[in-house]
Amino acid sequence: MKVLVIGGGAREHAIAWKLSQSDKVKEIHIAPGNAGTSSIANNLPIRPTDIEALADAALARGIDLTVVGPETSLALGIVDLFQSRGIPVFGPTREATLIESSKAFAKGLMKKYGIPCAQSETFSSFEEARDYVKSQPAPIVVKADGLAAGKGSIVAQSREEALEALSEIMEERVFGSAGDRVVIEECLSGREASFLVFTDGRAVVPMVPACDYKRIFDGDQGLNTGGMGGYSPPGFFNEELTKTVMHAIMEPAVRAMAEEGKQYKGVLYAGLMLTDDGPKALEFNARFGDPENQVMMPRLKSDLVDIMLAVIDGTLDRVKVEWSEEASVGVVMASGGYPGSYKTGFPITGLDEIHEDILVFHAGTREEQGRICTDGGRVLTVVAMGETIARARERVYLNLPLIHFEGCHYRKDIAAE
């Protein structure tokens, strides 16, 4: 098979890496890819948002399976376009992607179908939202309705901070049209976890749970990022909890989408808060997580191609999805200044010095005159496996100092608990 992966981050590198292990795959293309993907795939210089050019490229190269990584491509309707041109594609349609691309839609769905979640209200008027915030206790959560690269959710510790976030989103338009509406919700407390499933619109198959770290600095301090690292499995996430999440959240969500005439096929991701009242959904995403995928793909024992084709064909109930018992820990190496302004173009050294079984998934990298250089905020995700989380953590932190680029920064407390 010839496969096309859409995207250029570490999530997509991990997808391409896993697909390359299938004996059904003879050729992988990735658009646009990065310096790391070029060793296992043919990088195509096409932006993930240029869906017409991507469809043309897929047809020209006789692609048998396309896998969509970024939510922006899904929200633009890449799956609908590929389907209309007869190109097999893994991912939800534009309408189904509303579960991620509109926080208001997702909250409305959860309320209508009784899926446990935080109490919330949605506003398209700044004045009404401001008045509501003033009437609520802190902490309080303010969310931009649309896509904001994982940074549109602000947990405000005071009313003043919430009002400031509201002003930035709705008046200063820091997230553009994503801030046309806001969702304001109660702040839940408990442990957070990421829970993902494969679904063909009927069958719903769980993946292994994971945890990620959103804040830039140790101890969950500083600004929100796209994710600074993660691990799988969380010790507190037992089989009983998996059954509860499947029964109360994931299966009802897939059924609800079908009821709404938006059949959901692909990967469905739920951000969970494990409260004293049981697990509640914080949000849904319409694709693999990042950095969760970088710690989940190494644990997948089954052929990813078989799973994806079954999702497309509606035969997921016939596929056995198996996972390794080993644990995995991944740490993101970021550019100095990220998630604010940062410089790129710095050479990366030490990639050939790390231990043989350590995985490095590239994100913000490019090749320049034969050298690999930085080309983004999140540069690399370095992943280690081990019999336990503690062992995997020890191994990843042993290797991180071997890799270097100017301004390099990473958290020292990933999986420390």
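In the predicted model, Asp220 lies in the loop that runs between strand E13 (215-217) and strand E14 (221-224). The phi angle of Asp220 is near 55°, a positive value in a residue other than glycine. Asp220 is partly exposed, its relative accessible area being 42%. Ala415 also has a positive phi, of about 65°, although it is not a glycine. Ala415 is placed in the segment after H12 and, at 6% relative accessibility, counts as buried. Most residues other than glycine have a negative phi, and most peptide bonds are trans.

Cis peptide bonds were assigned at two prolines, Pro139 and Pro339. Ala138 and Pro139 are joined by a cis bond with omega of about 0°, and Pro139 is located in the loop between helix H7 (126-134) and E7. The bond from Tyr338 to Pro339 is likewise cis, with omega near 10°. Pro339 belongs to the loop between E18 and E19.

The structure contains 23 salt bridges. Side chains of opposite charge can pair when their charged atoms come close. Glu185 and Lys143 form one such bridge, with the closest N and O atoms 3.0 Å apart. This pair links distant parts of the chain, since Glu185 is in strand E9 (residues 182-186) and Lys143 in strand E7 (residues 140-144), 42 residues apart. Glu185 and Lys143 are both buried. A salt bridge is also formed by Asp290 and Arg378, whose closest N and O atoms are 3.3 Å apart. Here too distant parts of the chain are linked: Asp290 is in the loop between E17 and H10, Arg378 is in strand E22 (residues 378-386), and 88 residues separate them. Both partners, Asp290 and Arg378, are buried.

Arg395 pairs with Asp357 in a salt bridge in which the closest N and O atoms are 2.6 Å apart. The partners come from distant parts of the chain, Arg395 from helix H12 (residues 389-399) and Asp357 from the loop between strand E18 (327-334) and strand E19 (359-362), at a spacing of 38 residues. Arg395 counts as buried because its relative accessible area of 12% is under the 20% limit. Asp357, by contrast, is partly exposed, at 48% relative accessibility. Elsewhere, Arg11, Glu12, Glu71, Glu100 and Arg287 are joined into one network by salt bridges that share partners.

Arg299 has a buried position without a salt bridge. The residue is placed in the loop between helix H10 (292-296) and helix H11 (304-313). The nearest side chain of opposite charge is that of Glu325, 5.7 Å away. This distance exceeds the 4 Å limit for a salt bridge, and therefore the pair is not counted as one. The side chain of Arg299 instead reaches the backbone oxygen of Glu326, at 2.7 Å. Beyond residues up to four places away in sequence, the contacts of Arg299 include Glu322, Trp323, Ser324, Glu325, Glu326 and Ser328. Val208, Ser232, Pro233 and Met385 are also touched by Arg299.

Met207 is located in the loop between strand E11 (204-206) and strand E12 (211-212) and counts as buried, at 4% relative accessibility. When residues up to four places away in sequence are left aside, Met207 touches Leu196, Val197, Phe198, Val267, Phe288, Met296 and Trp323. Trp323 is thus in contact with both Met207 and Arg299. The C-alpha atoms of Met207 and Phe236 are separated by 16 Å, the two residues being 29 residues apart along the chain.

Internal space was examined last. Rolling a probe the size of a water molecule over the atoms shows where empty space is left. Two cavities of 30 Å³ or more are present in the structure, and the largest has a volume of about 80 Å³. The lining of the largest cavity consists of 13 residues, among which Lys103, Ala106, Leu282, Glu283 and Phe284 lie nearest the cavity centre. At least two lining residues are supplied by each of helix H5 (98-101), helix H6 (103-112) and strand E17 (278-285).

Key: Residues numbered from 1 in each chain as written. Predicted model: local features only at pLDDT ≥ 70, side-chain atom pairs only at ≥ 80, totals over all residues. Heavy atoms only, no water. Helix = DSSP H or I, 4+ residues; strand = E, 2+ residues; numbered from the N terminus. Buried < 20%, exposed > 50% of the residue type's maximum accessible area, 1.4 Å probe, protein only. Lys, Arg positive; Asp, Glu negative; His and termini not counted. Polar contact = N/O pair within 3.5 Å; in protein donor to acceptor, adjacent residues only side chain to side chain. Contact = heavy atoms within 4.5 Å. 1 Å grid on protein atoms, 1.4 Å probe; cavity = no way out; pocket = protein on both sides within 12 Å on 5 of 7 lines; lining within 4 Å. Points joined across faces, edges and corners; volume = space filled by probe spheres on them.
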